[in-house]
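Let's take a walk through this protein together, starting from a single residue and working outwards. Please keep the 3D view open as you read.

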Amino acid sequence: MRLSRRGLVLGGSLALAGCAAVPRAPVPALATAAVPAPVVAEVAAVVPRMEVLGDVGRPVVDPRGEIRKVLLDRALAALDIHHHRLPHRDRMYLVDFRKFSGEARLYEVDIASGQVTTFRTTHGRGSDPAHTGFAQRFSNEPDSHMSSVGAYATAGASWGPQQGPNVLLDGLEYSNNLARDRAIIVHGADYADPAFLEREGKLGRSYGCFSVAHADLEPLRQRMGEGRLLFAWS
């Protein structure tokens, strides 16, 4: 029996229950990991890589080079493009869907110090129907169970009866602007825990949510807060 995702929202439209989507009018799916050229051009042209700021007394972001350059550059650009929705620029969160699900591919970037902390996160089952551990397709369409790429604004800690504690997300681009309707959130899941990875060799799959290990959720939930960037790319 399908449950209405929006019907599981607590406190108006804020406290989400889980990852499943509600039936809505179809919208075009992003069938590949690539974002169309106009968006890429807009993002890439705005902000250079932040290493140049080291010359004016600010730390270099990601001094150990853990983050793929194109991902970091586009995330930094997104901070400026969506500045009106991202008032907090002390930290940002990046997800590299090019990487295998068993690898640490969720990055917490401390912009003040330049340091990076890594976590594991899942992708949607629709993005990886053969369960290879690699996300291959992305969509903003309800019921696709795919992950969506692009810039999100964290919308604060919440709680839902299915998934429990979580972090709400608002999609800021055409590629993910149905995130709230689809109930795409950050939440803890058994299939993202280290024991599952050790047993299966890869993480399980969500319905499009950024599921993380239960032990990682609490620090992330406290630190993500509201009005910070989460940027996912492949």
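A contact here means heavy atoms within 4.5 Å of each other. With that in hand, please find A75, which sits in helix α2 (residues 69–81). Helices are DSSP runs of H or I with at least four residues, strands are E runs of at least two, and both are numbered from the N terminus. Leaving aside neighbours within four places in sequence, A75 is in contact with M92, L94, L229 and F231. The C-alpha atoms of A75 and M92 are 8.4 Å apart, and 17 residues separate the two in sequence.

Is A75 buried or exposed? Its relative accessible area is 0%, so A75 counts as buried. The word buried stands for under 20% relative accessible area, exposed for over 50%, and partly exposed for what lies in between, using a 1.4 Å probe and protein chains only.

Before going further, a word on what you are looking at. This is a predicted model, in which local features need pLDDT of at least 70 and side-chain atom pairs count only at pLDDT 80 or more, while totals for chains, interfaces and linings use all residues. Residues are numbered from 1 along each chain as its sequence is written, and side-chain values use heavy atoms, with hydrogens and water left out.

Now zoom out to the whole chain. It has four helices and eight strands, and along the sequence they follow the pattern α-α-β-β-β-β-β-β-α-β-α-β. Of the chain's 234 residues, 55% count as buried. Among contacts between residues at least 6 apart in sequence, 63% join residues at least 24 apart.

The strands come next. An open sheet of eight strands runs in the order β3-β2-β1-β8-β4-β5-β6-β7, with mixed pairing. Two strands are taken to pair if DSSP finds at least two bridges between them. At the edges are β3 and β7, each of which pairs on one side only. As a general point, strands of a sheet pair through backbone hydrogen bonds, either parallel or antiparallel.

Strand β4 (150–160) is a good one to follow. On one side, five bridges join β4 to β8 (residues 226–233), and these two strands run antiparallel; here A155 stands opposite E226. β4 also pairs with β5 (residues 164–171) in the antiparallel sense, over seven bridges, with A157 opposite V167. β4 and β5 form a hairpin with three residues between them. How much of β4 is buried? Nine of its 11 residues are, so the strand is largely enclosed by the rest of the structure.

From β5 you can step on to β6 (residues 185–188), again antiparallel, over three bridges. V167 has V186 as its bridge partner in β6.

Next, look for the rings. The structure holds five aromatic pairs, where rings of Phe, Tyr and Trp (its six-membered ring) pair if their centres lie within 6.5 Å; planes under 30 degrees apart count as stacked, over 60 as edge-to-face and the rest as tilted. One of the pairs is F100 with F134, a tilted pair at 5.3 Å centre to centre with 50 degrees between the planes. The pair links distant parts of the chain: F100 is in the loop between β1 and β2, F134 in the loop between β3 and β4, and they are 34 residues apart. F134 counts as partly exposed, because its relative accessibility is 37%.

Y152 and F210 form an edge-to-face pair, 5.5 Å centre to centre with 90 degrees between the planes. Y152 lies in β4 and F210 in β7 (residues 210–212), so the pair ties together parts that are 58 residues apart in sequence. Y152 is buried at 0% relative accessibility, and F210 is buried too, at 3%. Ring pairs join these two with F97 and F138 into a cluster.

Finally, turn to helix α4 (residues 214–224), whose buried residues are L217, L220, R221 and M224. Seen down the axis of α4, they fall within an arc of 105 degrees, so they line one face of the helix; the arc is that of the directions from the helix axis to the C-beta atoms. The face turned away from this buried side carries the exposed residues A215 and Q222. Just after α4, G225 takes a positive phi of about 55 degrees.
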